[in-house]
Amino acid sequence: MKVFILVALFGLSFAQHNPYFKDGRTSFVHLFEWRWADIAEECERFLGPNGFGGVQISPPSENIVLDSPWRPWWQRYQPIGYNLCSRSGSENELRDMITRCNNVGVNIYIDAVINHMCRENNGAETHSSCGSWFNAGMKDFPSVPYSYLDFNGYKCKTSSGNIENYHDVYQVRDCRLDGLLDLALEKDYVRAKVADYMNKLINMGAAGFRVDACKHMWPGDLSAVYGGLHNLNTKWFPNGSRPFIFQEVIDLGGEPITSREYFHLGRVTEFKYGAKLGTVFRKWNNEKLMNWGEGWGFMPYGNALVFVDNHDNQRGHGAGGASIVTFWDARLHKMAVGYMLAHPYGVTRVMSSFRWNRHIVNGKDKNDWMGPPSHPDGSTKSVPINPDETCGDGWVCEHRWLQIFFMVPHYIIHLNYKNNLKRQVHSNFIHHSFPTRDLDVTLNTGMPGGTYCDVISGQKEGGRCTGKQIHVGGDGRAHFKISNRDEDPFVAIHAESKL
């Protein structure tokens with residue numbers, strides 16, 4: 001059992017590490033595989049009013065389309081060009097979504113796939129989401145255009161042309177990742193084409209990018225690409241604002257390529273965070289939350305982008321293994337995400353998923369490829385909202401779980417702008433586990449005396465609490481009693497939840 005008390009304030013202010021959240025917002029959500037039209041509606045009806053700072057969207061670039069019924073989620077990560085049509089919608093729908101979300105204070109972050117094109121063995125038989133012709137076997141992508149001259153095959157020294165040894169940095173960065181055609185980002189022509197694609201999105205109003213597979217690109221090449229990006233659109237962002245960059249670098253230790261090599265370019269995904277948080281909430285290895293953050297060997301907080309799970313590792317891919325807590329473990333997931341949103345470390349991202357038909361054989365999910373809820377013709381279904389504000393038709397929408405979205409606008413982040421950004425220590429922190437009995441304890445909260453609404457079980461409405469009340473005495477101490485049998489065995493209060 002873990003108890004934590006939450007309060008404070010958030011902000012960031014440097015270059016490509018800055019997410020440009022509006023109105024003191026602190027977190028954003030990954031609406032994985034959502035249609036652009038649904039994201040626009042969600043920004044207006046839910047994300048903006050409930051304090052979400054932004055949305056990470058699925059890759060909008062033209063990609064391969066495999067014949068029905070094979071419409072896997074990962075086809076979005078096999079581009080064949082930079083036209084903006086995908087199963088999420090058209091370029092006009094994308095532009096409309098970005099505009100509408102910006103207008104309600106919700107930033108849009110693009111998942112950018114710039115390390116590679118599609119797999120070479122796709123040949124010329126598959127088609128694209130925009131209907132463009134291409135021939136992967138001949139390395140011919142006329143919609144860009146790219147030819148065989150624009151790929152790294154001549155540099156890779158493995159017999160297969162693929163990465164065979166992750167301890168060889170040249171293989172990792174110059175050879176193909178799982179057969180995906182590796183772009184030669186050292187070439188000015190390729191850099192310019194990638195920058196043109198990203199700049200088109202910036203001009204539309206995008207606030208930044210999640211850059212896929214950065215470990216497989218040389219930092220110098222990425223620096224050149226980022227240097228060619230425009231400032232953000234001044235219709236929604238301050239003059240001179242640089243795009244927010246957060247880079248996917250899987251670094252759990254033990255490999256020569258480290259996340260530190262990318263810190264100067266933007267924030268970096270801290271995969272140790274979700275893996276370790278999962279071990280704590282699963283009560284594995286007697287792990288404790290004391291000194292959580294940099295004290296656990298994580299990257300400096302000002303460089304970190306953190307999450308409990310992501311679209312890869314919730315399927316058993318990427319980093320983290322069995323410790324990762326997902327919506328399949330809803331009770332633990334709510335607790336872990338609640339803690340992440342409360343704790344002063346990194347920029348936080350909430351995952352919003354869809355369900356698939358799991359088929360576990362020898363510990364591996366044979367259906368991990370399954371794409372989003374779809375119609376018989378392969379088109380993605382819209383996201384219906386139920387009367388209780390949850391989602392239906394196969395969409396999980398963890399960001400709408402009240403135990404999560406009540407936490408989103410309430411902050412425990414303290415930043416000191418004198419000299420360098422520095423995190424204030426996590427005060428009045430204890431760690432205590434009660435595996436077989438209830439929690440019944442008086443704690444020092446550090447909060448002013450008064451009655452507060454617990455934002456996990458409800459919220460403050462019209463001068464009353466819709467859930468539990470917590471009474472803090474004049475000495476800042478409060479009594480907490482939580483049953484180990486509760487569906488949500490944790491509580492949270494903040495300054496604005498005081499009656």
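Below are a few worked exercises on the disulfides, one helix pair and one histidine of this structure.

The model is predicted, so local features need pLDDT of at least 70 and side-chain atom pairs count only at pLDDT 80 or more, while totals for chains, interfaces and linings use all residues. Residues are numbered from 1 along each chain as its sequence is written, and side-chain values use heavy atoms, with hydrogens and water left out.

**Exercise 1. Find how many disulfides there are and in what pattern they follow along the chain.**

Step 1: take the rule, under which a disulfide is a pair of cysteine sulfur atoms within 2.5 Å. Step 2: apply that rule, and the count comes to 5 disulfides. Step 3: number the bonded cysteines along the chain, and you get the pattern 1-3, 2-4, 5-6, 7-8, 9-10.

**Exercise 2. Work out what kind of link C43 and C101 make, and where the two cysteines sit.**

Step 1: check the distance. C43 is joined to C101 by a disulfide, S to S 2.1 Å. Step 2: look at the torsion. There's 90° about the S-S bond, and the link of C43 and C101 is right-handed. Step 3: place the ends. This pair ties together distant parts of the chain, with C43 in helix 1 (residues 36-47) and C101 in helix 2 (residues 91-103), 58 residues apart. Helices here are DSSP runs of H or I with at least four residues, strands are runs of E with at least two, and both are numbered from the N terminus. Step 4: check accessibility, where buried means under 20% relative accessible area (1.4 Å probe, protein chains only). C43 is buried at 0%, and C101 is buried at 0% too.

**Exercise 3. Give the handedness of the C156 and C175 link and of the C391 and C397 link.**

Step 1: start with C156 and C175, a disulfide whose sulfur atoms are 2.0 Å apart. With 95° about the S-S bond, this link of C156 and C175 is right-handed. The pair links distant parts of the chain: C156 lies in the loop between strand 6 (127-128) and helix 3 (169-174), and C175 in the loop between helix 3 and strand 7 (180-182), 19 residues apart. Both C156 and C175 are buried. Step 2: go on to C391 and C397, a disulfide with its sulfur atoms 2.1 Å apart. The torsion about the S-S bond of C391 and C397 is about -95°, so this disulfide is left-handed. C391 counts as buried at 9% relative accessibility, and C397 is buried at 1%.

**Exercise 4. Describe how helix 6 and helix 7 cross, and which residues meet there.**

Step 1: get the geometry. The axes of helix 6 (residues 271-281) and helix 7 (residues 330-342) come within 10 Å and cross at roughly 125°. That makes helix 6 oblique to helix 7, oblique being what's left once you set aside angles under 35 degrees (roughly parallel), over 145 (roughly antiparallel) and 65 to 115 (roughly perpendicular). Step 2: list the contacts, meaning heavy atoms within 4.5 Å. From helix 6, Y273, L277 and F281 meet L332, M335, A336, Y339 and M340 of helix 7. Step 3: sort them by type. The contact of helix 6 with helix 7 divides into 8 nonpolar residues, no polar and no charged.

**Exercise 5. Decide whether H333 is buried or exposed, and list what it touches.**

Step 1: locate H333, which is found in helix 7. Step 2: read the accessibility. H333 counts as buried at 1%. Step 3: leave aside neighbours within four places in sequence, and H333 is in contact with V308, D309, V325, T326, F327, E398, W401 and I404.

Terms used: Axes are lines fitted to C-alpha atoms, for helices over the stretch in contact, and angles run from 0 to 180 degrees between N-to-C directions. Ala, Val, Leu, Ile, Met, Phe, Trp, Tyr, Cys and Pro count as nonpolar, Asp, Glu, Lys and Arg as charged, and the others, Gly among them, as polar. Buried means under 20% relative accessible area, exposed over 50%, partly exposed in between (1.4 Å probe, protein chains only).
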